[in-house]
Structures are given as C-alpha cells and as structure tokens.
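Reader: I've got this one open on my screen and would like a close look at how its side chains hold on to each other. Could you walk me through it, starting from one spot that I pick?

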Amino acid sequence: MISKSMEKALNQQITLEAYASYLYLSMASWCHREGLEGCAKFMHRQSDEERQHMLRIFYYISQIDGYALAPEVKQPPHEFKSVGKLFEAVYAHEQKVTQSINELIAQSYKEKDHTTHNFLQWYVEEQREEEALMRTILDKIKLIGDSPQSLYFIDMEVEKINKQQESAEPATEG
Ligand code: OFO
C-alpha cells in the first residue's frame with residue numbers, strides 16, 4: 001500500500017529522472033558534434049543510468065500497488081556554451097535530484113512509510129556517488145582550463161573515467 005500523496009511524489013521523481021536521461025542524451029549529442037568522443041560516451045552512459053533510475057521507481061510503484069505513470073518530458077536544451085558549462089549544468093541537475101530525494105525521504109518519514117523510506121536509501125548512495133564524480137570532473141576542468149587547446153586533454157581525462165567505470169561493471173555473460 002502507498003498513500004496517494006507518496007504515489008504522486010514518486011511519479012514526480014520519475015519525471016525528474018526521465019528529464020535527466022534526456023538532458024544527458026542531448027549533452028551526448030553535443031559532445032559528439034564537438035568531437036569530444038570520451039565525453040559523449042560518458043554522457044550516453046549517464047543517460048542510460050538515469051533511465052534505469054526512472055524504471056527502478058516505476059517498478060517499485062507497481063509492486064506496492066500504486067499506479068506508475070509514464071512521464072511527460074520537456075525538451076532539454078541542445079546547445080551548451082562550453083564543456084565546462086555542460087558539466088556545471090550536470091552537477092546542478094544532480095544537486096536538484098539529491099534535494100528531491102531528500103524531500104521524498106522526509107515525506108516517507110512523516111507518513112511512517114518505512115517501505116518507501118527503505119527503497120529510497122539506494123538513491124541516497126547513488127546521488128552521493130554522482131555528485132562526487134561530477135565534482136571530480138569539474139575540478140579537472142578547472143585545472144586544465146576549457147580553452148579550445150585544452151579540450152583534447154579534458155576528453156582524455158573523461159575517457160579515463162569511462163575506462164574505470166567499464167572495468168568496475170560486472171562482465172556480461174554470453
Ligand atoms: Fe538519477 O539522478 Fe543522477 O544519478
């Protein structure tokens with residue numbers, strides 16, 4: 001069982017995760033156009049992850065006898081001033097998601113909805129990791145600078161992160 005207000009709040013979170021997925025997809029396309037292949041790969045991965053975050057909530061709502069709604073997603077921006085600005089926008093969006101998760105947790109606590117409270121703990125850890133990752137990238141961009149001459153080096157640094165993430169993933173069977 002889930003309260004109507006919690007069902008509504010979780011459905012809003014679905015919309016936020018879906019928007020993140022589309023925003024990062026748009027950013028992947030921009031990076032690709034700018035010749036930043038490492039960054040493009042990184043943003044595609046982030047986009048896929050956000051879709052998984054969305055689905056996790058979607059399935060959860062169904063499991064606890066609520067009604068999950070496929071979200072209406074507004075079109076994300078397609079142009080970004082620089083790769084630095086792009087990653088700043090990612091970080092800002094992740095902070096917004098963290099805040100929203102915190103509000104959901106506060107609501108679950110208030111409603112004594114321990115099941116949802118438990119379910120949300122996975123997102124707390126995920127957001128901590130995501131924010132830390134984006135800060136790492138932004139710190140590197142600050143060190144390298146994002147002038148045209150620096151783009152190659154930024155892309156190489158992001159590609160290193162791609163490789164680390166790939167090696168941390170469980171091997172697929174078959
Ligand atoms: Fe799912 O918002 Fe990022 O991680």
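Reader: Which residue does glutamate 125 form a salt bridge with, and how far apart are the closest N and O atoms?

Author: Before anything else, keep in mind that this is a predicted model. Glutamate 125 pairs up with arginine 128, and the closest N and O atoms of that salt bridge are 2.6 Å apart. Both residues belong to helix H4, and because they are three residues apart there, about one helical turn separates them. Glutamate 125 itself is partly exposed, with a relative accessible area of 34%.

That bridge is one of 13 in the structure. Some of the others share partners: Lys41, Arg45, Glu159, Lys163, Glu166 and Glu169 are joined that way into one network. Over in helix H1, lysine 4 and glutamate 7 meet in a salt bridge of 3.2 Å, N to O. Those two are also three residues apart, about one turn of the helix. Their surroundings are not alike, though: lysine 4 is exposed at 64% relative accessible area, whereas glutamate 7, at 11%, counts as buried.

For a bridge between separate elements, go to glutamate 79 and arginine 33, where the closest N and O atoms are 3.0 Å apart. Glutamate 79 is in the loop between H2 and H3 while arginine 33 is in helix H1, so this pair ties together parts that are 46 residues apart in sequence. Both glutamate 79 and arginine 33 are exposed.

Now back to helix H4, but for its rings. Within this helix, which covers 114-144, phenylalanine 119 and tyrosine 123 are four residues apart, so about one helical turn lies between them. Their ring centres are 5.7 Å apart and the planes meet at 55°, which means that the pair counts as tilted. Both phenylalanine 119 and tyrosine 123 are buried. They also belong to something wider, since ring pairs link Tyr60, Phe119, Trp122 and Tyr123 into a cluster. Tryptophan 122 has a charged visitor as well: arginine 56 lies over the face of the ring, 3.6 Å from the ring centre. You'll find a similar kind of arrangement at tyrosine 19, where the charged end of lysine 74 sits over the ring, 4.7 Å from its centre.

In the whole structure, a search turns up six aromatic pairs. Among them is tryptophan 30 with phenylalanine 80, an edge-to-face pair with 5.9 Å from centre to centre and 85° between the planes. Tryptophan 30 sits in helix H1 (residues 4-33) and phenylalanine 80 in the loop between helix H2 (37-63) and helix H3 (83-110), so the pair ties together parts that are 50 residues apart in sequence. Tryptophan 30 is buried, with a relative accessible area of 6%, and phenylalanine 80 counts as buried too, at 14%. So helix H1 is tied to the H2-H3 loop by a ring pair and also by the bridge between glutamate 79 and arginine 33.

What about the inside? In soluble globular proteins, nonpolar side chains tend to be buried together. Here, the largest nonpolar core has 27 residues, and those with the most contacts inside it are Met27, Cys31, Phe42, Met43, Leu86 and Phe87. H1, H2, H3, H4 and H5 are the elements that give two or more residues to this core. H1 supplies the largest share, with eight residues. As for helix H3, it also holds valine 97, which counts as buried at 1% relative accessibility. If you want a sense of scale, valine 97 and lysine 41 are 56 residues apart in sequence and 22 Å apart in space, C-alpha to C-alpha.

Last stop, the outside. Leu143, Ile144, Tyr152, Phe153 and Met156 form a nonpolar patch on the surface, with about 550 Å² of accessible area together. Helix H4 and helix H5 (151-168) each supply at least two of the patch residues, and H5 gives the most, with three. One member of the patch, leucine 143, is found in helix H4, and at 77% relative accessibility it counts as exposed. So the helix you asked about has the partly exposed glutamate 125, the buried rings of phenylalanine 119 and tyrosine 123, and the exposed leucine 143.

Terms used. Residues are numbered from 1 along each chain as its sequence is written. This is a predicted model: local features need pLDDT of at least 70, side-chain atom pairs count only at pLDDT 80 or more; totals for chains, interfaces and linings use all residues. Side-chain values use heavy atoms; hydrogens and water are left out. Patches are made of residues with over 30% relative accessible area and no salt bridge: like charges are joined within 9 Å, nonpolar side chains (Val, Leu, Ile, Met, Phe, Trp, Tyr) within 5 Å. Accessible areas come from the Shrake-Rupley method with a 1.4 Å probe; for residues, only the protein chains shown count as cover. A salt bridge is a side-chain nitrogen of Lys or Arg within 4 Å of a carboxyl oxygen of Asp or Glu. Buried means under 20% relative accessible area, exposed over 50%, partly exposed in between (1.4 Å probe, protein chains only). Rings of Phe, Tyr and Trp (its six-membered ring) pair if their centres lie within 6.5 Å; planes under 30 degrees apart count as stacked, over 60 as edge-to-face and the rest as tilted. A charge sits over a ring if NZ of Lys or CZ of Arg is within 6 Å of the ring centre and within 35 degrees of the ring normal. A nonpolar core is a set of buried Ala, Val, Leu, Ile, Met, Phe, Trp, Tyr and Cys residues joined through side-chain atoms within 4.5 Å.
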